[in-house]
Amino acid sequence: MAIADFSTPSATPRFHLYDLITGDTTTLLVSHGKGSDPSHSGWVQQFSNVPGSEATSEGAYLVGDTYYGKYGESRRLIGLEPQNDQAESRAIVIHPAWYVSQSIAEQQGKVGRSQGCFAFSFDDIGQVLARVAPGSLLYAGKV
């Protein structure tokens, strides 16, 4: 299970990986969408499910299949609620990105923004894909 807690700024690790069997928790940096933070403050201001909004959508997601896209190995997401049910048609996915890293967070006080996707550093994406397997649940919101 994974929770993206967008109540904290993007320079703070806010993607929580929970192992429901062992109780182990790992927390990592994750981006949010440009449309959720138009002024690039590092804070989510709003969520949207509208195509073209480039915003992050809140709610529960079912983690889908793996594919290889322009960023490399990635994973599809299926929105399970009215506020994120356009995730597939909007191509909201889990993927690695150059604009998410600890060094960027330290230098700029925030990480870069996606087009609504859950983007991770290239150092962290392997762990995310290994632990957020197809069939897993991901919840995003201000927790």
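1. In what order do the eight strands of the open sheet sit? Going across, you meet β3-β2-β1-β8-β4-β5-β6-β7, and the pairing is mixed. Keep in mind while you look that this is a predicted model.

2. Now check the two ends of that row. β3 (25–28) and β7 (118–120) are the edge strands, and each has a single partner, so one side of each has no neighbour in the sheet. The sheet isn't flat-on from strand to strand either: on average, neighbouring strands are turned by 25° against each other, direction ignored.

3. Let's zoom in on the β3 edge. Strand β2 (residues 15–18) runs antiparallel to β3, and four bridges join the two. If you want one spot to find on screen, try L17, whose bridge partner in β3 is T26.

4. Next, the rings. Searching the whole structure turns up five aromatic pairs. One to look at is Y61 with F118, an edge-to-face pair with 5.5 Å centre to centre and 85° between the planes. Y61 belongs to strand β4 (residues 59–69) and F118 to strand β7, so this pair ties together parts that are 57 residues apart in sequence.

5. Are Y61 and F118 buried or exposed? Y61 has 0% relative accessibility, which counts as buried. F118 is buried too, with a relative accessible area of 0%. Both rings also belong to one aromatic cluster, made up of F6, F47, Y61 and F118.

6. One more ring deserves a click: Y67. R76 lies over the face of Y67, at 4.2 Å from the ring centre.

7. On to the inside of the protein. The largest nonpolar core has 22 residues, and F15, I94, F118 and L138 are the ones with the most contacts inside it. Two or more residues each come from β1 (2–5), β2, β4, β7, α2 (125–131) and β8 (137–141). Which element gives the largest share of this core? That's α2, with three residues.

8. L138 is a handy place to see how the pieces meet. Setting aside neighbours within four places in sequence, L138 is in contact with A2, F15, G59, A60, Y61, V63, L77, I94 and F118. You'll recognise Y61 and F118 in that list as the edge-to-face pair from point 4.

9. Finally, don't miss the other core. Apart from the one with 22 residues, there is another of seven residues, including A97, Y99, V100 and A105.

Definitions and conventions: Residues are numbered from 1 along each chain as its sequence is written. This is a predicted model: local features need pLDDT of at least 70, side-chain atom pairs count only at pLDDT 80 or more; totals for chains, interfaces and linings use all residues. Side-chain values use heavy atoms; hydrogens and water are left out. Two strands pair if DSSP finds at least two bridges between them. Axes are lines fitted to C-alpha atoms, for helices over the stretch in contact, and angles run from 0 to 180 degrees between N-to-C directions. Rings of Phe, Tyr and Trp (its six-membered ring) pair if their centres lie within 6.5 Å; planes under 30 degrees apart count as stacked, over 60 as edge-to-face and the rest as tilted. Buried means under 20% relative accessible area, exposed over 50%, partly exposed in between (1.4 Å probe, protein chains only). A charge sits over a ring if NZ of Lys or CZ of Arg is within 6 Å of the ring centre and within 35 degrees of the ring normal. A nonpolar core is a set of buried Ala, Val, Leu, Ile, Met, Phe, Trp, Tyr and Cys residues joined through side-chain atoms within 4.5 Å. Contact means heavy atoms within 4.5 Å.
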